[in-house]
Amino acid sequence: MTEQRVAPKLGALILVGALGAGLVGCTVEPGAGRGGPSGSATASKPRIVARPAATVRDDAVRYTYPAPNADPRQNYGNLYLPRGAHAPHTVPVVVLIHGGGWKNRSSAGYMAEVARALQATGLAVWNIEYRRVGSGGGWPTTFTDVGYAVDHVPALAESAPALDPTNVILVGHSAGGQLAAWAASRRILPPGSPGVTWPAGAGPTVTPRAFVAMAGVLDMRTSSRLNDHVRTALGGMPDRVPERYALANPIQRIDPTMPSVAIHGTKDTVVPDEESVAFVAAAQALGAPSLLVQLDGANHGSPVNTRSPYWPRIQATIVRLANEGFDALAANPPR
């Protein structure tokens, strides 16, 4: 292996809130809102409180999140809280974003074991679902959905006060790695772009402290030549819709102030690890804090296999990033 710097169980809390127009599964209450680290929320904004929609078999609670023309069967996330008592605003939040080529053949379910493993370390996990190609997603819906799901963390913190909405880490696998990188850099998107969910002059409700891409599609131009996943999600090849790649492709839209960690197996035949190597090099060239964690011999699915020999290192990387920050991780990365 090489490295380069290049809850309490909530089953008793089930309350099914009324579904307001455009605010599925949420209740809007008067009073001052609590903004994310971007500071975009103001005292004049209504306070949005997430209301549980259902329990999930594995000790999570499902919440739907608001999105344009939301589909409650897809616009939801499963919230995992660490057990025990926690003071308000002390538990870091991992937003977990699944992959699957942006297609509806894969769902948030395959990340459940990752969510439970991180929950057991004392982190809260918001494992999100979104509309995908084949079920109403694609450009721009998939991307906008993920932005709204990330921005829902402060509303979750109103319902689960232990959550710290100013300490949010985005973690995605494969296509979800692209979505994590994209969502983390939304604050530098041009006005009017998909995923810009805030008024002019403001910013995202949530700006994460960092993101982690596991086997992530970090150069969509490269991956567009390997299969049809990228071109189906974006509606064409780079020469046909270059403006979409310019907005969505992580290596073309690097936020120089956003810390990132790219975790990739050297035997990945689905997404070549060269994408992570190139992304981290490009980020570092812009002065962005970025860390490459290469997993010798790992394949595409290894980073989300909690029974693999690589998982302890991956888990320790995410936990240290969430609890101590990027600088501490980069100074002493798990081995």
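1. **Strand S10 and its neighbour S11.** Ala 213 stands opposite Ala 262 in S11. This is a predicted model, so read every contact below as a feature of a prediction. S11 covers residues 260–265. Four bridges join S10 to S11, and the two strands run parallel.

2. **The other neighbour, S9.** Strand S9 covers residues 163–173. Five bridges join S9 to S10. These strands also run parallel. To find the pairing by eye, look for Val 171, which stands opposite Val 212 in S10. Now follow the chain between the two strands. The path leaves S9, passes through H4 and arrives at S10. This β-α-β crossover is right-handed.

3. **How enclosed is S10?** Five of the five residues of S10 are buried, so the strand is largely enclosed by the rest of the structure. Check both faces. On one side sit Ala 210, Val 212 and Met 214. On the other side sit Phe 211 and Ala 213. Both faces are covered.

4. **A buried bridge leading up to S10.** Asp 151 forms a salt bridge with Arg 186. The closest N and O atoms are 2.8 Å apart. Asp 151 lies in helix H2, while Arg 186 lies in the loop between helix H4 (175–184) and strand S10 (210–214), so the pair ties together parts that are 35 residues apart in sequence. Are these two charged partners buried or exposed? Asp 151 has 11% relative accessibility, so it counts as buried. Arg 186 is buried too, because its relative accessible area is 0%. The cut-off to keep in mind is 20%: buried means under that value.

5. **A second bridge from helix H2.** Asp 145 forms a salt bridge with Arg 131, and the closest N and O atoms are 2.8 Å apart. Asp 145 is in helix H2, which spans residues 141–151. Arg 131 is in the loop between strand S8 (124–128) and H2. The two residues are 14 residues apart. Asp 145 has a relative accessible area of 1%, so it is buried. Arg 131 comes to 8% and therefore also counts as buried.

6. **A bridge with an exposed partner.** Which residue pairs with Glu 113 in a salt bridge? The partner is Arg 307, with the closest N and O atoms 2.8 Å apart. Arg 307 sits in the loop between strand S12 (290–295) and helix H9 (311–324). Glu 113 belongs to helix H1, residues 112–120. The pair links distant parts of the chain, 194 residues apart. Arg 307 has 64% relative accessibility, so it counts as exposed. Glu 113 has a relative accessible area of 31%, so it is partly exposed. In total, the structure holds eight salt bridges.

7. **Aromatic pairs.** A search of the whole structure finds four aromatic pairs. One of them is Tyr 63 with Trp 126. Their ring centres are 6.5 Å apart and their planes stand at 70 degrees, so the pair is edge-to-face. The cut-off for that label is over 60 degrees. Tyr 63 lies in strand S5 (residues 60–64) and Trp 126 in strand S8, so the contact ties together parts that are 63 residues apart in sequence. Both Tyr 63 and Trp 126 are buried.

8. **Aromatics between H2 and H4.** Phe 143 and Trp 182 form another edge-to-face aromatic pair. The distance is 5.6 Å centre to centre, with 75 degrees between the planes. Phe 143 is in helix H2 and Trp 182 is in helix H4, 39 residues apart. At 0% relative accessibility, Phe 143 counts as buried. Trp 182, with a relative accessible area of 3%, is buried as well. Add Trp 139: together with Phe 143 and Trp 182 it forms one aromatic cluster.

9. **A charge over a ring.** Look at Arg 62 and Tyr 76. The charged end of Arg 62 sits over the ring of Tyr 76, at 3.9 Å from the ring centre.

10. **The whole protein.** Ten helices and twelve strands make up the secondary structure. Of the 335 residues, 58% are buried. The accessible surface comes to about 12700 Å². Carbon and sulfur atoms account for 53% of that surface.

Notes
Residues are numbered from 1 along each chain as its sequence is written. This is a predicted model: local features need pLDDT of at least 70, side-chain atom pairs count only at pLDDT 80 or more; totals for chains, interfaces and linings use all residues. Side-chain values use heavy atoms; hydrogens and water are left out. A salt bridge is a side-chain nitrogen of Lys or Arg within 4 Å of a carboxyl oxygen of Asp or Glu. Buried means under 20% relative accessible area, exposed over 50%, partly exposed in between (1.4 Å probe, protein chains only). Two strands pair if DSSP finds at least two bridges between them. A crossover is right-handed if, with the strands pointing away from the viewer, the path from the first strand over the helix to the second runs clockwise. Rings of Phe, Tyr and Trp (its six-membered ring) pair if their centres lie within 6.5 Å; planes under 30 degrees apart count as stacked, over 60 as edge-to-face and the rest as tilted. A charge sits over a ring if NZ of Lys or CZ of Arg is within 6 Å of the ring centre and within 35 degrees of the ring normal. Accessible areas come from the Shrake-Rupley method with a 1.4 Å probe; for residues, only the protein chains shown count as cover.
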